[in-house]
Amino acid sequence: MKAKQIKEIKSQSKNQVSNNKGPDALEMLKQDHKKVRKLFQDFENIHEDEESDGHKSEIVKQICMELTIHARLEEEIFYPAVRELIDENELMDEAAVEHAGAKALVAQLEAMDLDDDYYDAKVIVLGEQIDHHITEEENEMFPQIEKARMDTLSLGQEMMERKEQLEEELGIFDGTSTRRPLLMKKASSRPLHH
Ligand SMILES: [Fe+2]
């Protein structure tokens with residue numbers, strides 16, 4: 001391998017998340033937003049196709065998982081830090097209420113079968129609400145955080161560690177799904193204010 005290639009590989013791995021600083025909290029949340037928007041898009045693309053039931057429920061399961069982890073990270077770590085930093089209680093309260101709405105729909109979907117009434121409608125409405133929520137975070141909340149020069153790298157580090165814990169708890173890594181409904185329930189019944 002040529003020296004130049006080795007140098008390139010080294011600098012690539014330097015930019016990756018694996019070192020101890022970061023990732024940037026805002027970048028991390030934006031990536032999650034992108035991922036979940038794509039999942040809703042996938043759902044909309046296949047929801048007319050009756051042959052794709054297995055795929056459909058897999059997508060919804062993933063959506064519920066992503067949103068559960070996202071909400072926990074924001075409510076436990078990100079929102080409290082932001083509330084301290086920026087004087088925007090109204091905006092933060094709205095975000096918390098939007099999370100509560102999303103968690104209620106996630107809990108309902110978790111308990112539903114694909115052919116239940118309103119299943120597709122609930123997924124689609126959830127997608128619309130999340131879309132609005134993401135837009136507000138990215139267009140209104142994040143710019144203020146950037147302006148306030150928050151240490152988004154330390155925050156990102158903390159969030160990444162918690163994310164890994166949550167993924168393990170929710171059985172994403174070990175493949176067990178038996179603990180999942182319980183944790184979903186717990187996450188969805190968290191109080192709005194704490
Ligand atoms: Fe959020």
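**Charges and core, by the cut-offs**

Mentor: Asp 53, Asp 113, Asp 115, Asp 116 and Asp 117 gather in a patch of negative charge on the surface. This is a predicted model, where local features need pLDDT of at least 70, side-chain atom pairs count only at pLDDT 80 or more, and totals for chains, interfaces and linings use all residues. Residues are numbered from 1 along each chain as its sequence is written, and side-chain values use heavy atoms, with hydrogens and water left out.

Trainee: What makes that a patch of negative charge?

Mentor: Asp and Glu count as negative, and a patch joins like charges within 9 Å, using residues with over 30% relative accessible area and no salt bridge.

Trainee: Why is Asp 115 called exposed?

Mentor: Exposed means over 50% relative accessible area, buried under 20%, and partly exposed in between (1.4 Å probe, protein chains only). Asp 115 has 67%, so it's exposed.

Trainee: How do you know that Arg 37 and Asp 131 meet in a salt bridge?

Mentor: The rule wants a side-chain nitrogen of Lys or Arg within 4 Å of a carboxyl oxygen of Asp or Glu. Arg 37 and Asp 131 sit at 2.7 Å, N to O, so the pair fits the rule. The two are 94 residues apart, with Arg 37 in helix α2 and Asp 131 in helix α5.

Trainee: And Arg 162 with Glu 169, what makes that a salt bridge?

Mentor: Their N to O distance is 3.8 Å, so that passes too. Salt bridges with shared partners join Arg 72, Glu 76, Arg 162 and Glu 169 into one network.

Trainee: Why is Arg 162 called buried?

Mentor: Its relative accessible area is 16%, so it falls under the buried cut-off.

Terms used: Patches are made of residues with over 30% relative accessible area and no salt bridge: like charges are joined within 9 Å, nonpolar side chains (Val, Leu, Ile, Met, Phe, Trp, Tyr) within 5 Å. Accessible areas come from the Shrake-Rupley method with a 1.4 Å probe; for residues, only the protein chains shown count as cover. The place of a charge is taken as NZ of Lys, CZ of Arg, CG of Asp or CD of Glu. Helices (H or I, at least four residues) and strands (E, at least two) are DSSP runs, numbered from the N terminus.
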